[in-house]
Amino acid sequence: MNRVASREAQEASCAHTHSLPLSERVGARASARDGRVGARRPSPQPSPPTGSGRHACRGLAGVLLATATSTALALPSFDEVRAAHRPSDIPLLDRHGAVIQWQRADVAARHGPWVTLAEVSPALREAVVLSEDRRFWAHGGVDWRALAASAWSNAWNTRTRGASTVTMQLAGLLDADLARPVGGRDIPTKVGQIVRAQQLEARWSKTQILETYLNVVPLRGELVGVGAASQQLFGKHASGLDALEAAVLAVLVRAPNAGAVAVARRACEVLREQASLVPTAKRAPAAQGEPQAAQGEAQAAQGEVQAAQGARDPCAGVATVTAQALARRPGPMLGEALAPHLARLMWREALAAPSGTTPSPAPAHAPAPARAPARTSAPAPAPRALHSTLDARVQRIAHAALRRQLAELRGRQVDDGAVLVLDNASGEVLAWVGSAGAGSGSGAPASEVDAVLARRQPGSTIKPFVYALALERRLVTAASRIDDSPLQLAAGSAGLYTPRNYDHAYRGGITVREALAGSVNVPAVRVAAMLEPEVLFDRLNASGLRLAQNAGYHGHALALGSADVTLLDLTNAYRMLARGGRWSPPRWRLEAPTAGGPAGRAVHPPPAARQVFSPEAAWLVSHILADPAARAASFGLDSPLVTRGHAAVKTGTSKDMRDNWCIGSTERFTVGVWVGNAGGLPMHAVSGVSGAAPVWREVVMALGPSRAPAPPPRLVAVAGEWFIAGTEPAAAHAARGATVAFEAGRAAAFGIESPRAGTVIAFDPEIPPAAQRVVLRGAQGQWWLNGRLLGTGTRLEWLPRPGRHVLERRDASASDRVEFEVRSPPAGTAGAAGAAGAKGTAASKAGANGVAPKPAAAATATPRPG
């Protein structure tokens, strides 16, 4: 008995086992279970045993039975163990409950979803039982015959021989106190394991024991359970393993860290044993606990082995299968991988959310990217699944369309792209494609970057919001004619800001409708100059764009998209225009379905919307963006922007062709597309209409036709154009087909016509100062200079003073404001003396507009339209 106990202390016990506690099963078995399969241990010369191995083990068990029973913990039920199982990867579900992505949650170990015994291939079940416990179906938890043989062999110290049954191993996996320590189990722990195995057999069925064992047994590296191991090593589910793969996996149960040669050798032994044994000889009758169907499955597994091997060597192909399995790199779980970026975002939100709350996106009206608030309560428990608002069908359409377009543009230095689809009514995200290359092995250098959340320059896609604000403030109408000619605006220390059109051509007078639909740059900058920079900046932030810095930082370039935005914020802002100017945050997370309710139905209603633009201004902008005739001069009548039914769409390209966009809305959906390079490299001759627009059109066409929305009540139609009530031209002029030809209408369209914003006026030294007057011209109203009232009317003359001045025109419905500068003549000239005597009065040198020649330093900008 002492000899047996001594062997127990050295790791060779009455019943050999290799199990570990479920919470510590990764990495703890490397030293105890290496690749020495079947190797003999060095030992001194054997001496005769002191007694029968069978009697020794039974006697030892009898002595310690009471102690082990008293220390045994409460045995969990099979249902409790199964309910407590947590896969390392949790599923991302679409709105209908379909799994579209797996997100890694446990980085310490890799567990697959629970697999039932029916979902494990018969070949694998038989290989594991044959390798680990060939009398599993016959014994009651302890194989006393194998235990006695193991004690005899260990007593003679001729060969390390184990006798742990599957049930005993499972006992050690379920109970940390019964797990095998690094130095081997002591006798009380071994006896406790035996007792616990008998308890399991008394309360669990054989199929439940084997099913649980196959789900919790540690395997190679981080892999736990046959579900995860079969997917990571063989790229298939456990139900699809053949005889060779099953033999390799069964060997890894005993020798998880063995090398490929040792695993292949032992797998060959398992296959030969399977081929030589008669299935019924290995198994107990059905009366002893094995279902009748299981015997038929065993025979089927045996037939599979024999059929696969035939007359060939049973080990043919084992080495190849083993080498390929062990060399396989770890990857995601099997299944669709459609939304990895959203899955990661939702997982981070779930971990960061306090217990009992629902994660929500940062407020999109914040002036800068919002920071996560400090956690004030305990984190929420990890969810079993991530319930998203995505629609798997729409996600597949968007993903496929983007990948096809990126393949077409590969020769033009385009690697990345993103697509977002929003439901207009609810703000729910139906498609979120952060990168077409993510998880697809495309080799895109930035495939893991979520381009939906990346901040990029939006280019001309900002223009609709500029025009919407000007329309709302009644500075322009859709029929107002704007001067499309070279423009110079003061840009502070940079000199002058000189915007240019994409084609470097100028059209002269152009209507607001044509300028916005055709994405002409200079008119957009002129309209933005009528607005106070702070007002425009604040309204863009109110639209959810979350612009950084301030209005002065961006200057006049803000109208052409100089501030960075995300595709998520910009697409949601276009959704706001489609909803009559009402903004609400986007939503991508669904609450768990209510009891008895349809899958995907949110428990809480969407947040209330707030009015950002007037319904009339939002509708007018959308109507212009949906007008194919208005955009024909720039894009033609047949372009990727043309769809079935109504679609208000705008393209944009940032400076140096680093980003291009296409965003537009239908009756029910808003679709945003970005194409470019995450690293910022410029594309080669790719604009919004040739880069992002084809993807946008394919997605919109797949979503179905759309009807145009009805105009708001306060819009009136005159001579084929829509006007906000009170801004329409007089009936007499409308009868002649003139939209804004009359002077009052023309003045109203431009507000302050002269001087323009940024004008620099210089004294002429050859003209008497009293004769140098500046004409203030514009719409009817009160004229204020530097806060002092000058007069009322449409035209005033002013004797200027040197310095910077602020001119305002006010009426009952609007206020216009421009800044300009008056400079003194050079010192020592007659004009300078005269100017001093006249207290700085001056006249313009540059003709009717009163604009002096451009200073030496001038900033030139060439923004890209769509």
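How many helices and strands does the chain have? Colour by secondary structure and you get 27 helices and 27 strands. Keep in mind throughout that this is a predicted model.

**Stop 1: the whole chain**

Stay zoomed out for a moment. The chain runs to 866 residues, and 53% of them count as buried. Switch on a surface and you're looking at about 35,900 Å² of exposed area, with carbon and sulfur atoms supplying 54% of it. If you like contact maps, take the contacts with a separation of 6 or more: 73% of them join residues 24 or more positions apart.

**Stop 2: the nonpolar cores**

Now hide the surface and select Trp432 and Phe465. These two sit in the largest nonpolar core, a set of 99 residues, and they touch the most other members of it. Next, pick Leu75, Val120, Leu219 and Val253, which are among the 58 residues of a second, separate core. As a general backdrop, nonpolar side chains in soluble globular proteins tend to be buried together.

**Stop 3: a helix pair**

Select residues 122-132, which are helix H4, and residues 260-276, which are helix H11. At what angle do H4 and H11 pack? The answer is about 100°, with the axes 10 Å apart. That makes H4 roughly perpendicular to H11. To see where they meet, show side chains: H4 brings Ala123, Glu126, Ala127, Leu130 and Ser131, while H11 brings Arg266, Val270, Glu273 and Gln274.

**Stop 4: Glu721**

Jump to strand S20, residues 721-724, and click on Glu721. Is Glu721 buried or exposed? Its relative accessibility is 8%, so Glu721 counts as buried, the cut-off being under 20%. Now add Arg513 to the selection: its side chain makes a polar contact with the Glu721 side chain at 2.7 Å. Beyond residues up to four places away in sequence, Glu721 touches Arg513 along with Ala478, Ala479 and Val716.

**Stop 5: Pro755**

Last pick: Pro755, in the loop between strand S21 (752-754) and strand S22 (760-762). It's a loop residue, but Pro755 has 1% relative accessibility and therefore counts as buried. What does Pro755 contact, leaving aside neighbours within four places in sequence? Select Val775, Leu776, Leu807, Val818 and Phe820 and you'll have the set. Try the distance tool on Leu776: the C-alpha atoms of Pro755 and Leu776 are 6.4 Å apart, although the two residues are 21 apart in sequence.

How values were computed. Residues are numbered from 1 along each chain as its sequence is written. This is a predicted model: local features need pLDDT of at least 70, side-chain atom pairs count only at pLDDT 80 or more; totals for chains, interfaces and linings use all residues. Side-chain values use heavy atoms; hydrogens and water are left out. Helices (H or I, at least four residues) and strands (E, at least two) are DSSP runs, numbered from the N terminus. Buried means under 20% relative accessible area, exposed over 50%, partly exposed in between (1.4 Å probe, protein chains only). A polar contact is a pair of N or O atoms within 3.5 Å; within protein, one must be able to donate a hydrogen and the other to accept it, and residues adjacent in sequence count only if both atoms are side-chain atoms. Contact means heavy atoms within 4.5 Å. Accessible areas come from the Shrake-Rupley method with a 1.4 Å probe; for residues, only the protein chains shown count as cover. A nonpolar core is a set of buried Ala, Val, Leu, Ile, Met, Phe, Trp, Tyr and Cys residues joined through side-chain atoms within 4.5 Å. Axes are lines fitted to C-alpha atoms, for helices over the stretch in contact, and angles run from 0 to 180 degrees between N-to-C directions. Angles under 35 degrees count as roughly parallel, over 145 as roughly antiparallel, 65 to 115 as roughly perpendicular and the rest as oblique.
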